[in-house]
Amino acid sequence: MFDMGVRLNAVCPGLTETGMLESFVQGAGNPDKLREAYRRAIPIGRLGKPDDISGAVVFLLSDDGEFITGQVLSVSGGLTMHD
């Protein structure tokens with residue numbers, strides 16, 4: 001039996017402008033080319049920002065998200081969409 005009132009969701013971030021990603025990009029042979037390739041691969045046309053991820057989490061935790069459970073929310077600018 002399920003415990004009423006318990007919500008369980010997951011947020012899956014896409015490529016996000018963080019120090020870890022920047023370190024990875026800087027280690028590439030051509031960082032600018034790699035950064036541009038990432039940007040072009042994302043349908044929205046930009047890398048994610050940390051606020052994009054935290055905004056999704058805050059929404060799921062808010063009263064507006066109280067009826068959402070059992071979901072996996074991709075916050076990737078459309079990178080994970082399939083044709």
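## Salt bridges

A salt bridge is a side-chain nitrogen of Lys or Arg within 4 Å of a carboxyl oxygen of Asp or Glu. In this predicted model, Glu22, Asp32 and Arg35 are linked in a network of such bridges. By this rule, the count for the model comes to four salt bridges.

Start with Arg35 and Glu22. Their closest N and O atoms are 2.8 Å apart. Arg35 lies in helix α2 and Glu22 in helix α1 (residues 19-26), so the pair ties together parts that are 13 residues apart in sequence. Arg35 is partly exposed, because its relative accessibility is 26%. Glu22 is also partly exposed, at 34%.

Now turn to the other partner of the network. Which residue meets Arg35 in a salt bridge of 3.2 Å, N to O? The partner is Asp32. Arg35 and Asp32 both belong to helix α2. They are three residues apart, about one turn of the helix. Asp32 has a relative accessibility of 56%, so Asp32 counts as exposed.

Another salt bridge joins Asp52 and Arg46. The closest N and O atoms of this pair are 2.9 Å apart. Is Asp52 buried, partly exposed or exposed? At 27% relative accessibility, Asp52 is partly exposed. Arg46 is partly exposed as well, with a value of 34%.

## How α1 meets α2

Two packed helices are described by the angle between their axes and the distance between the axes. Here the axes of α1 and α2 come within 8 Å. They cross at roughly 125 degrees. That makes α1 oblique to α2, because the angle falls outside the ranges for roughly parallel (under 35 degrees), roughly perpendicular (65 to 115) and roughly antiparallel (over 145).

Which residues make the contact? From α1 come Leu21, Glu22, Phe24, Val25 and Gln26. From α2 come Pro31, Leu34, Arg35 and Tyr38. By class, this contact has six nonpolar, one polar and two charged residues. Glu22 and Arg35, the salt-bridge pair, both appear in this contact.

## The largest nonpolar core

How many residues make up the largest nonpolar core? There are five: Leu21, Val25, Tyr38, Ile42 and Leu47. Leu21, Val25 and Tyr38 also take part in the contact of α1 with α2.

Look at Leu47 more closely. Leave aside its neighbours within four places in sequence. Leu47 is then in contact with Leu15, Glu17, Leu21, Tyr38 and Ile42. Leu21, Tyr38 and Ile42 are fellow members of the core.

## Ile44 and Gly77

Ile44 lies in the loop between α2 (31-41) and α3 (50-61). Is Ile44 buried or exposed? Ile44 is exposed, because its relative accessible area is 61%. Ile44 and Ser76 are 32 residues apart in sequence. Yet their C-alpha atoms are 8.8 Å apart in space.

Gly77 sits in the segment after β2 (72-75). Gly77 counts as partly exposed, at 26% relative accessibility. Between Gly77 and Ile42, the separation is 35 residues in sequence and 5.9 Å in space, C-alpha to C-alpha. What does Gly77 contact, leaving aside its neighbours within four places in sequence? The partners are Ile42, Pro43 and Ile44. Ile42 is also one of the five residues of the largest nonpolar core.

## Asn9 and Gly65

Asn9 is found in the segment before β1 (10-13). Its relative accessibility is 24%, so Asn9 is partly exposed. Asn9 and Lys33 are 24 residues apart along the chain, and 35 Å separates their C-alpha atoms. Beyond its neighbours within four places in sequence, Asn9 is in contact with Leu60, Ile68, Thr69, Gly70 and Gln71.

Where is Gly65? Gly65 is in the loop between α3 and β2. Gly65 is buried, because its relative accessible area is 0%. Gly65 and Arg7 are 58 residues apart in sequence and 9.6 Å apart in space, C-alpha to C-alpha. Arg7 is among the contacts of Gly65, along with Phe59 and Leu60, when neighbours within four places in sequence are left aside. Leu60 appears again here: Leu60 is in contact with Asn9 and with Gly65.

Notes:
Residues numbered from 1 in each chain as written. Predicted model: local features only at pLDDT ≥ 70, side-chain atom pairs only at ≥ 80, totals over all residues. Heavy atoms only, no water. Helix = DSSP H or I, 4+ residues; strand = E, 2+ residues; numbered from the N terminus. Buried < 20%, exposed > 50% of the residue type's maximum accessible area, 1.4 Å probe, protein only. Core = buried A, V, L, I, M, F, W, Y, C linked by side-chain atoms within 4.5 Å. Contact = heavy atoms within 4.5 Å. Axes fitted to C-alpha atoms, helices over the stretch in contact; angles between N-to-C directions. Nonpolar A, V, L, I, M, F, W, Y, C, P; charged D, E, K, R; others polar.
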